[in-house]
Amino acid sequence: MLFPFAEFWWFYAGFLVFVLLLLAVDLGIFHREAHVVSFRESLSWSVVWVTLALLFNYGFYLYARSFLPPEEASRVSLEFLTGYVVEKSLAIDNIFVFVLVFAYFGIPLKYQHRVLFYGILGALVFRAIFIALGAVLMQYHAVVLVFGVFLLLTGARMLWNPETKVEPERNIAIRLLRRFMPVTHVLHGKHFFARLDGRWHATPLLVCLLFLEMSDIIFAVDSVPAIFAISSEPLIVFTSNVFAILGLRAMYFLLAGVLDRFYLLKYALAMILIFVGLKMVWLNDAFGGKFPIEWSLGIIAALLTGAIVGSILFPRPQVDDEAFG
């Protein structure tokens with residue numbers, strides 16, 4: 001391991017402080033008041049988050065070069081970039097769910113950013129836990145094979161049945177919440193709790209947030225092993241994962257209205273899962289322990305580009321073109 005936690009704990013700590021500052025600026029200054037996030041605003045924030053990730057990667061490369069051979073520094077930098085692309089790609093599946101969940105609970109556009117903000121905080125905590133567990137478990141080859149098979153099966157299931165279903169009423173966390181706290185079906189502005197008749201009630205915003213958190217835990221079961229298939233370094237897995245999550249809200253508001261047009265993306269995501277599953281169960285061993293990271297990045301980029309271009313050139317017959325301008 002190039003970046004053991006015992007020696008690089010200060011890097012993790014500094015990175016977390018940096019992330020918390022970014023989130024504080026985001027919510028405390030730019031999104032202090034609830035409002036509808038426009039396409040232009042979401043595009044600007046998407047550019048900001050992607051730029052920050054690329055700048056971090058460049059700084060990480062320069063730092064790695066200070067004590068690693070140049071080719072090794074280039075490799076870890078490419079692993080960060082590939083892991084970031086994989087996580088951003090798999091996050092598209094989250095966005096499909098976000099659209100359905102917000103519609104199910106009737107959450108207005110101006111409150112969706114607030115729900116997603118706190119959802120991101122929860123996602124960061126759970127991803128850190130999953131990555132810490134993964135760093136321990138993935139040291140055992142048998143566990144790597146199990147996760148690889150799991151990703152293969154998940155990708156095959158997505159290919160066979162790409163449609164996403166949302167059933168909040170069957171979610172165990174929501175059922176527990178309703179058992180211990182009354183839930184109002186009426187929104188109370190941007191608040192997650194409302195005091196009615198002398199008793200605290202959960203609002204639809206809280207129920208929606210809880211469902212999104214549970215959904216992200218399920219997504220993490222796919223995405224965390226997928227990034228460990230790209231890099232065995234927990235530091236790279238953690239930082240690339242966090243940067244991808246930070247940009248998730250902006251990406252949601254950017255893509256939510258056009259996801260139906262890019263219908264082939266679901267199949268590309270399934271193929272990416274199958275590819276990283278193959279890396280874990282076969283390709284890495286076949287290439288002497290590590291499938292070339294340059295090839296991994298190229299294959300993933302080709303799958304995503306092909307899905308986007310194919311969706312544009314061969315649109316769904318039932319999609320109304322007027323809906324896309």
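Contact, as I shall use the word today, means heavy atoms within 4.5 Å. With that in mind, let us turn to the structure above, which is a predicted model.

I begin with a pair of helices. Helix α3 covers residues 70–105, and helix α11 covers residues 293–313. Their axes lie 9 Å apart and form an angle of about 25°. Angles under 35 degrees count as roughly parallel, and α3 and α11 are therefore roughly parallel to each other. The crossing of α3 past α11 is left-handed.

Which residues in α3 and α11 meet? From α3 come Arg75, Leu78, Glu79, Leu81, Thr82, Val85, Val86 and Ser89. Their partners in α11 are Ile293, Glu294, Ser296, Leu297, Ile300 and Leu304. Sorted by character, the residues of this contact comprise eight nonpolar, three polar and three charged.

Next, the interior. The largest nonpolar core has 98 residues, and those touching the most other members are Phe60, Phe102, Val115, Cys208, Leu212, Phe243 and Leu246. Helix α3 gives the most to this core, with 15 residues.

Let us take Phe102 as an example. Setting aside residues up to four places away in sequence, Phe102 touches Ile107, Gln112, Val115, Leu116, Cys208, Leu212 and Tyr252.

Finally, I draw your attention to Arg127, in helix α4, residues 109–137. Is Arg127 buried or exposed? Buried means under 20% relative accessible area; Arg127 has 3% and is therefore buried. Apart from neighbours within four places in sequence, Arg127 is in contact with Glu87, Asn94, Asp216, Phe219, Ala220, Ser223, Val224, Asn241 and Ile245.

Technical notes
Residues numbered from 1 in each chain as written. Predicted model: local features only at pLDDT ≥ 70, side-chain atom pairs only at ≥ 80, totals over all residues. Heavy atoms only, no water. Axes fitted to C-alpha atoms, helices over the stretch in contact; angles between N-to-C directions. Helix = DSSP H or I, 4+ residues; strand = E, 2+ residues; numbered from the N terminus. Parallel < 35°, antiparallel > 145°, perpendicular 65-115°, else oblique. Left-handed = near helix turned anticlockwise from the far one by under 90°. Nonpolar A, V, L, I, M, F, W, Y, C, P; charged D, E, K, R; others polar. Core = buried A, V, L, I, M, F, W, Y, C linked by side-chain atoms within 4.5 Å. Buried < 20%, exposed > 50% of the residue type's maximum accessible area, 1.4 Å probe, protein only.
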